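This briefing goes through the ligand and metal sites, some backbone features and a few structural elements in turn. Please read it with the sequence and the structure side by side.

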Amino acid sequence: MNLKGLRVSGRRLQSALEEMARIGATAGGGVQRLALADEDKKARDLFVDWLQALKLEIAVDEMGNIFGTRPGAQKALPPVMSGSHIDSQPRGGRFDGILGVMGTLEVLRTLEENNISTARPIAIVAWTSEEGCRFTPAMLGSGVWTGALDRDWVYNRTDLSGRRFEDELIRIGYKGTAPCKKKPVHCYYEYHIEQGPVLEREAKTIGVPRGITGLHWYDIYLEGEANQAGPTPMAGRRDALVTAAEMILKVNELPQRMGGKLVATVGEIQNYPNSRNIIPAKVHFTVDIRSWDDQHAIKAWDLLRNDFEDIAASRGCPINIEETWRVAHAPFDEKRVQLITDCVASLGYSYLPMVSGAGHDASYMSRVCPTAMIFVPSIGGRSHVEVENTRMEDCAAGANVLLHAIVRSANEI
Ligand code: GLV
Ligand code: MN
Ligand code: MN
């Protein structure tokens, strides 16, 4: 078989994506497969069936990460690993995460169909709970596997209804027995949608990120005083929601105030008791700050934290701040980034070097092995929404880049 002419089947990839998109399909055309929910289990079961059909060696670890290994001619060599995640955002899209898992599966199917063996084993992986929306923070499976997060700390994380991570993992039958611990990996690739507007705007097919921006997550808890909305005069109120509102505007103004590349978002809020005629007694909200420059993000946070404390004091609402999660910016391995670029060039696709503003399991993986990613355009730059979409030709193009990157790397000895 002439390896140069090897291509994935775009049609088969499309049908795998479509079958996955039926699990947790939403009325608005997206999917909702929250981590460790029933839909996550169903999608995992289907994924494992597909791994079995390829006769891969399957392992599920104690964090529910699923690995399928295709042996290499030299079994003892560390594998080339590739994958992403199966879980989604609430009313999320049909591509985020699952494209990287189905893209890798399509690579393995292509190799099998063409009887192509490689020197090194190839391992496909589906990491548990990447999104960080049901259980926080994000990238929990890869976080524990790489040693960045403590397994028992993650087991005790709870969702909004108080369900424990470990209990949910057991409930869906995916608390495996293999230790969740890093093993030698030759290199790690993650294929993903861009989730932003740049590739479409620049009319490029493939994005080659040189790394991932730093992510900083905070949880803010405010205490007010509940009271009747009618008889209680405006003066002297301790309204937790108004206090939060003033703080949220500060978050939105932060990037402009700081200058430099930074984004800041409040995406989640809970208001208690959440009744139209009770002055809010308690509010929890989240802050997400991202920058390639870790120190810049920390400086921004220090400024914001001072503002929060001043606002809380002036409105009489005690504040409790949790610095939930910080992941430093993750530069990828230059040689691996170059190899991806070479594969794109030899396949004749247009491409753009870039930086990933979204978090990925590749961020933690880059700490333990040479890592790189492949992006394809998001239509309209929309992601984490039901209308998230990517052209099927682009999905196939990205999978071809992944195919060639994996085969080349798996023949490096
Ligand atoms: C992961 O989905 C992120 O928040 O970037
Ligand atoms: Mn993702
Ligand atoms: Mn996501």
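In which loop does Met-139 lie? Met-139 belongs to the loop between strand 4 and helix 4, and this loop returns below, since Glu-131, which binds metal, lies in the loop between strand 4 (122-127) and helix 4 (140-145). The model is predicted, and what follows should be read with that in mind.

**The manganese ion (ligand 3)**

- The manganese ion (ligand 3) is coordinated by Asp-96 through OD, by Glu-131 through OE, listed twice, and by His-384 through NE2, at 2.1 to 2.5 Å.
- Along the chain, the donors of the manganese ion (ligand 3) are spaced according to the pattern D-x34-E-x252-H.
- Because Asp-96 lies in the loop between strand 3 (80-85) and helix 3 (98-113), while Glu-131 lies in the loop between strand 4 and helix 4, the pair ties together parts that are 35 residues apart in sequence.
- Both Asp-96 and Glu-131 are buried.

**The manganese ion (ligand 2)**

- The manganese ion (ligand 2) is coordinated by His-85 (NE2), Asp-96 (OD) and His-192 (NE2), at 2.0 to 2.3 Å, and its donors follow the spacing H-x10-D-x95-H along the chain.
- A distance of 3.6 Å separates the manganese ion (ligand 2) from the manganese ion (ligand 3), and Asp-96 coordinates both.
- His-85 lies in strand 3 and His-192 in strand 5 (residues 187-193), and therefore this pair ties together parts that are 107 residues apart in sequence.
- His-85 counts as buried because its relative accessibility is 0%, and His-192 likewise counts as buried, at 1% relative accessibility.

**The surroundings of ligand 1**

- The residues surrounding ligand 1 are Glu-130, Glu-131, Arg-290, Ala-358, Gly-359 and His-384, and they divide into one nonpolar, two polar and three charged residues.
- Among these residues, Glu-131 and His-384 also coordinate the manganese ion (ligand 3).
- An oxygen atom of ligand 1 is 2.8 Å from an N or O atom in the side chain of Arg-290, and an oxygen atom of the ligand is 3.2 Å from an N or O atom in the side chain of His-384.
- At Gly-359 the partner is a polar backbone atom, which is 2.7 Å from an oxygen atom of ligand 1.
- Taken alone, ligand 1 exposes 200 Å², and the protein buries 93% of that area.

**Strand 3 and its pairing**

- Strand 3, which holds the metal donor His-85, is mostly covered, with six of its six residues buried.
- Both faces of strand 3 are covered, since Val-80, Ser-82 and Ser-84 on one side and Met-81, Gly-83 and His-85 on the other are all buried.
- Strand 3 pairs with strand 4 in the parallel sense over six bridges, and within this pairing Gly-83 stands opposite Val-125 in strand 4.

**Backbone features**

- Most residues other than glycine have a negative phi, and most peptide bonds are trans.
- A cis peptide bond, with omega at about -10 degrees, joins Thr-136 and Pro-137, and Pro-137 is found in the loop between strand 4 and helix 4.
- In that loop too, Met-139 has a positive phi, near 55 degrees, and with 0% relative accessibility Met-139 counts as buried.
- The peptide bond from Tyr-272 to Pro-273 is cis, with omega near 0 degrees, and Pro-273 is found in the loop between strand 9 (269-272) and strand 10 (282-291).
- Lys-55, in the loop between helix 2 (38-53) and strand 1 (57-60), has a positive phi near 60 degrees.
- Is Lys-55 buried or exposed? Lys-55 counts as exposed because its relative accessibility is 72%, where exposed means over 50%.

**Trp-50 in helix 2**

- Trp-50 is placed in helix 2 and counts as buried, at 13% relative accessibility, the cut-off for buried being under 20%.
- The C-alpha atoms of Trp-50 and Lys-75 are separated by 22 Å, and the two residues are 25 residues apart along the chain.

Technical notes: Residues are numbered from 1 along each chain as its sequence is written. Chains are lettered from A and ligands numbered from 1 in the order in which they are written. This is a predicted model: local features need pLDDT of at least 70, side-chain atom pairs count only at pLDDT 80 or more; totals for chains, interfaces and linings use all residues. Side-chain values use heavy atoms; hydrogens and water are left out. A residue is near a molecule or strand if one of its heavy atoms lies within 4 Å of it. A polar contact is a pair of N or O atoms within 3.5 Å; within protein, one must be able to donate a hydrogen and the other to accept it, and residues adjacent in sequence count only if both atoms are side-chain atoms. Accessible areas come from the Shrake-Rupley method with a 1.4 Å probe; for residues, only the protein chains shown count as cover. Ala, Val, Leu, Ile, Met, Phe, Trp, Tyr, Cys and Pro count as nonpolar, Asp, Glu, Lys and Arg as charged, and the others, Gly among them, as polar. Donors are N, O and S atoms within 2.8 Å of the metal (3.2 Å for Na, K and Ca); water is not among the atoms, so sites may look incomplete. Helices (H or I, at least four residues) and strands (E, at least two) are DSSP runs, numbered from the N terminus. Buried means under 20% relative accessible area, exposed over 50%, partly exposed in between (1.4 Å probe, protein chains only). Two strands pair if DSSP finds at least two bridges between them.
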